[in-house]
Amino acid sequence: MPSPFPGMDPYLEHPELWPALHHWLIIEIARFLSPQLRPKYLVSVEVRMYEMADDDLSIGIPDVNVIGRQTATELITSNVAVAAAPAQPLTVTLPVPFTIREGYLEIRERETKELITVIEILSPTNKRTGKGRQMYEEKREEILGSRTHLIEIDLLRRGRKMPVIGNDVESHYRVLVCRGNRRPRADLYAFNLQNPMPAFPLPLRSGDTEPVINLQELFTQIYDIASYDLKIDYRNWEVIPALSEADTIWAEAWLRDRGLRD
């Protein structure tokens, strides 16, 4: 069963559904590429890990985590009241660190172990101010300062997009293909909710045949394998993050035409 949408399904941007989709995309891209790149290249699933805490707890996690936080004035007032009352234990919340794990792909030449291409699928933490964005920007700059090719896939409408120069095109989603031998130029595939996802080549060493990654085809396979049609209630759920008014009208009409909205 394919997604009812022509391209990216905005319901899958929900914080409770996105992490699994991110994992599926990493694995299925690796599964698609590996047999085509053998024996010259190796495809590896890598994981970037870091700890976050305090205000970062709300990043990429449903907003229930920040409900009920007190302001500084409320805390002062509360402390004064406690000091005048009999000593009784209070339940408090501590900024306990938790570990973020972000998967990405590396393509290396088997004989030399040289890193040829990195494939990144952006996470919510990469698109908001904080440690996740800082770490990703540092890695991005390191790659862009080398001869390694970079593919950057952004399927999240929310958050600050990664910087590009000379093209201010606005789009819901985009794929960046940046070849190490063409910098600072790169190919930007910009597309919206109403458009199919693009197909794009995987940059390799000069002269080698480059597989074409058909993102829409892989997404359709994942949607079916993961049974998202049984997990998403298109009749009653609202899209998170919310769509614009115009996109909401379009999406609801699109779903009604397919019998998924009343």
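This is a short talk on the fold of one protein chain and on one lysine in it, Lys139.

Keep in mind that the model is predicted.

I will start with the whole chain. The protein chain has 262 residues, and 39% of them are buried. Its accessible surface is about 14600 Å², with 53% of that belonging to carbon and sulfur atoms. If we take contacts between residues at least 6 apart in sequence, 67% of them join residues at least 24 apart.

Next, secondary structure. The chain contains 6 helices and 8 strands. Along the sequence they come in the pattern α-β-α-β-β-α-β-β-β-β-β-α-α-α.

Now the sheet. It is an open sheet of 6 strands, in the order 1-2-3-4-5-6, and its pairing is mixed. Which strands stand at the edges? They are strand 1, residues 41-52, and strand 6, residues 187-191; each has a single partner strand, so one side of each has no neighbour in the sheet. On average, and ignoring direction, neighbouring strands here are turned by 15 degrees against each other.

One pair in detail: strand 4, residues 149-154, and strand 5, residues 173-178, run antiparallel and share 5 bridges. In one of those pairings, Asp154 has Arg174 of strand 5 as its bridge partner.

Two helices pack on this sheet. Helix 1, residues 18-37, touches strand 1, strand 2 (98-109), strand 3 (115-121) and strand 4. The direction of helix 1 makes about 160 degrees with that of strand 1. Helix 3, residues 131-144, also packs on the sheet, and its contacts are with strand 1, strand 2, strand 3, strand 4 and strand 5. For helix 3, the angle to the direction of strand 1 is about 145 degrees.

That brings me to the lysine. Lys139 sits in helix 3. Is Lys139 buried or exposed? Its relative accessibility is 16%, and the cut-off for buried is under 20%, so Lys139 counts as buried.

What does Lys139 touch, leaving aside its neighbours within four places in sequence? The residues in contact with Lys139 are Arg48, Tyr104, Val118 and Glu120. Arg48 falls within the 41-52 range of strand 1, while Tyr104 belongs to strand 2, and Val118 and Glu120 to strand 3. With Glu120 there is also a polar contact, side chain to side chain, at 2.8 Å.

To close, then: a mixed, open sheet of 6 strands, with helix 1 and helix 3 packed on it, and a buried lysine whose side chain makes a polar contact with that of Glu120.

Methods:
Residues numbered from 1 in each chain as written. Predicted model: local features only at pLDDT ≥ 70, side-chain atom pairs only at ≥ 80, totals over all residues. Heavy atoms only, no water. Pairing = 2+ DSSP bridges. Helix = DSSP H or I, 4+ residues; strand = E, 2+ residues; numbered from the N terminus. Axes fitted to C-alpha atoms, helices over the stretch in contact; angles between N-to-C directions. Contact = heavy atoms within 4.5 Å. Buried < 20%, exposed > 50% of the residue type's maximum accessible area, 1.4 Å probe, protein only. Areas by Shrake-Rupley, 256 points an atom, 1.4 Å probe, with all protein chains shown as cover. Polar contact = N/O pair within 3.5 Å; in protein donor to acceptor, adjacent residues only side chain to side chain.
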